[in-house]
Amino acid sequence: MGKLDGKVAVITGGSSGIGLATAKRFVEEGAHVVITGRREKELKEAAAIIKRNLTTVVGDVSRLEDLDRLYAVVKEKHGHIDVLFANAGAGTIAPLEAATEAHFDQTFDVNVKGLFFTVQKALPLFKDGGSIIMTSSVTNVLGSPGFSAYAASKAAVRNFARAWTMELKDRKIRVNCVSPGPIDTPALEKTTGLTAEQAKQAAVQFASQIPMGRRGKPEEIAAAVVFLASDESSFITGIDLPVDGGLAQV
Ligand code: NAD
């Protein structure tokens, strides 16, 4: 018996990093999974890894017509959703004095507007309760010099969870956030804009600030998401679960 036997799950940003690791775990736990991401090539690679019980849909969560297309596929294939992992996110380093309007807009378009409508447009497909998990970030409490727009967008995600917990309680939909610390995914290098060697050095330095002394793995976030998606967390809603080696606590 898997923890998610027979459940229908949608994962945004499911073709890489945390989303891909979670899609793998969800399928291992018995779920039927629909993933979306912007790049067809990455989605095909994900399908080659996962092989069964997986549907891929190319789409950008900041484009409302793409979300409509995603949910039309889910409706036709499965008729409903039990679990939504709203995970797609964007953000690059942009100190206050250097950030451009385009950078600000892109960060908020994906992380705030995109996530808002990812959840709103899924709601008609939640028929019998369910679980929504959203990827925030440890930066939602820490603040992050150089990443302030990103951190603010992730604080918005945390706040959505508080509001939607109340708005969706009568429909028996639980709403929680997972907040990763630094996790080894392709995003980490992309966001910092460092060379591989610089990133390695920065990682060693940064790891010393993390109580557990290392960066996390995508699978360690996936494990937390499986818990929040499954009935094992049936009395948990509205929380922000940090998975960060203790970073948010120091
Ligand atoms: P990643 O780059 O490996 O994966 C990101 C995924 O999101 C990709 O599949 C990408 O195609 C997708 N995506 C990005 N913008 C999209 C859009 N507009 N529409 C649809 N899909 C889009 O990154 P990751 O580290 O796995 O990031 C996943 C989430 O975790 C993000 O929300 C990120 O902000 C958050 N996060 C990551 C870290 C970290 O250290 N890696 C830390 C805290 C939070």
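N53 counts as partly exposed, because it has 16 C-beta neighbours inside 10 Å. (A residue is called buried if 20 or more other C-beta atoms lie within 10 Å of its own, exposed if 12 or fewer, and partly exposed in between, with C-beta atoms placed from the backbone.) You'll find N53 in the loop between helix 2 and strand 3. Its phi is positive, about 55°, although N53 is not a glycine. K51 lies in that loop between helix 2 (40-50) and strand 3 too, and K51 also has a positive phi, about 70°, without being a glycine. K51 is exposed, with 8 other C-beta atoms within 10 Å.

A word on what you're looking at. This is a predicted model, where local features need pLDDT of at least 70 and side-chain atom pairs count only at pLDDT 80 or more, while totals for chains, interfaces and linings use all residues. Residues are numbered from 1 along each chain as its sequence is written. Helices (H or I, at least four residues) and strands (E, at least two) are DSSP runs, numbered from the N terminus.

Now for the sheet. It is open, with 7 strands in the order 3-2-1-4-5-6-7, and the pairing is parallel. (Two strands pair if DSSP finds at least two bridges between them.) Strand 3 (54-58) and strand 7 (240-243) stand at the edges with a single partner strand each, so one side of each has no neighbour in the sheet. From one strand to the next, the twist averages 20°. (For angles like this, axes are lines fitted to C-alpha atoms, for helices over the stretch in contact, and the angles run from 0 to 180 degrees between N-to-C directions.)

Strand 1 is a good place to step inside. It is joined to strand 2 by 5 bridges, the two running parallel, and T12 stands opposite T36 of strand 2. Strand 1 (residues 8-12) is also linked to strand 4 (residues 83-86) by 3 bridges, again parallel, with V83 as the bridge partner of A9. How many of the residues of strand 1 are buried? The count is 5 of its 5. Both faces are covered, with V8, V10 and T12 buried on one side and A9 and I11 on the other.

Next, S131, which sits in strand 5. With 27 C-beta neighbours inside 10 Å, S131 counts as buried. Leaving aside neighbours within four places in sequence, S131 is in contact with V83, R174, L228 and A229. (Contact means C-beta atoms, placed from the backbone, within 7 Å of each other.) The C-alpha atoms of S131 and D109 are separated by 24 Å, and the two residues are 22 apart along the chain.

Let's move on to the helices. Helix 6 (residues 148-167) lies across strand 5, strand 6 (173-180) and strand 7, running at about 165° to strand 6. It has 20 residues and reaches 28 Å from first C-alpha to last, close to the 28 Å expected at 1.5 Å a residue. (That expected span is 1.5 Å times one less than the number of residues in the helix.) Its buried residues include Y150, K154, V157, F160 and W164. What covers the buried residues of helix 6 includes helix 4, strand 5, helix 5 (139-142), strand 6 and strand 7.

Helix 1 has 12 residues and spans 17 Å from its first C-alpha to its last, close to the 16 Å expected. Since 9 of the 12 residues are buried, helix 1 is largely enclosed by the rest of the structure. Among them are G17, I18, L20, R25 and F26. After helix 1 comes G30, with a positive phi near 100°.

That brings us to the ligand. It is surrounded by 30 residues, and the closest are G13, G17, G89, T185 and A187. (Here a residue is near if its C-beta atom, placed from the backbone, lies within 6 Å of the molecule.) Helix 1 (17-28), strand 2 (32-37), helix 4 (101-122) and helix 7 (186-192) each supply at least two residues of this shell. By class, the shell has 11 nonpolar, 16 polar and 3 charged residues. (Ala, Val, Leu, Ile, Met, Phe, Trp, Tyr, Cys and Pro count as nonpolar, Asp, Glu, Lys and Arg as charged, and the others, Gly among them, as polar.)

Terms used
Two residues are in contact if their C-beta atoms, placed from the backbone, lie within 7 Å.
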